[in-house]
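Trainee: Could we go through this fold together? I'd like to know what earns each label.

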Amino acid sequence: MANEAKYNEIAGVNEKEREQKAKHQEQVEKEQHREEVMDNFENNIKNSFNENKEQAHESKLTFDDSVIEKIAAIACHEVPGILDMKGGFFSGISEQFGGRSLTKGISADVGEKEAAIDAAIILEYGYSAPKVFEELKRNIAQSVGQMTGLKVVEVNVRVDDVMTKKEYEIKQRNNKDEEYNNQENYLR
């Protein structure tokens, strides 16, 4: 065995073997590098395609706040114990000039998937405010959710006045009479 090792050393067999191993290792490393480059290239192409695909065809359903306010207002009028909604300054002005604001007393904050509703109501005397509140929350959430798919995450109700049904009707009649008189005086 000692002679074989000596012969291999003189003949350069060990050196050739080392060179072959080194070349083989170099080829293996080149092949691995090439595979990594190809994999990265393929992944980049796929990611780029997916990004472009997602960006190019993004569909959305959105709602203006006034749409949600209108749905919520109609839902409020369906709840027993609510005589009317209490509007702000601008809805009062529009009503004096013959318009009726359907969204009077309602404001909505609408996001992509959720909505928050604020309502100002006139409660009918004799009704339980907490029970009316619970019914109102349920009815608004159900109506808005069913029609729009939005989740109502918050409903805030402010009771601005309490009246009997008769007192409310008298006030409405007086407001109409006053409105009629104002229009008559304006036309003269």
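Trainee: What makes strand 2 and strand 3 a hairpin?

Mentor: This is a predicted model, and in it strand 2 and strand 3 form a hairpin with three residues between them. The two strands run antiparallel and are joined by five bridges. Pairing takes at least two bridges, so five bridges qualify strand 2 and strand 3 as a pair. A108 stands opposite I117 in strand 3, if you want a spot to look at.

Trainee: How do you know that strand 1 and strand 3 pair?

Mentor: Apply that cut-off again: three bridges link strand 1 and strand 3, and at least two are needed, so they count as paired, here in the antiparallel sense. There, M85 faces I121 in strand 3.

Trainee: And what sense does the pairing of strand 3 and strand 4 have?

Mentor: Parallel, over 11 bridges, with strand 4 covering residues 151-163. I122 stands opposite D161 in strand 4. Between the two strands the chain passes through helix 5, a β-α-β crossover.

Trainee: Why is that crossover called right-handed?

Mentor: Point the strands away from you: a path from the first strand over the helix to the second that runs clockwise is right-handed, so that is the name for the route from strand 3 through helix 5 to strand 4.

Trainee: Why is strand 3 called mostly covered?

Mentor: Buried means under 20% relative accessible area, and nine of the 11 residues in strand 3 are buried, so the label fits.

Trainee: What do the buried residues of helix 3 pack against?

Mentor: Strand 1, strand 2, strand 3 and helix 5. Those buried residues include I68, I71 and C76.

Technical notes. Residues numbered from 1 in each chain as written. Predicted model: local features only at pLDDT ≥ 70, side-chain atom pairs only at ≥ 80, totals over all residues. Heavy atoms only, no water. Buried < 20%, exposed > 50% of the residue type's maximum accessible area, 1.4 Å probe, protein only. Helix = DSSP H or I, 4+ residues; strand = E, 2+ residues; numbered from the N terminus. Contact = heavy atoms within 4.5 Å.
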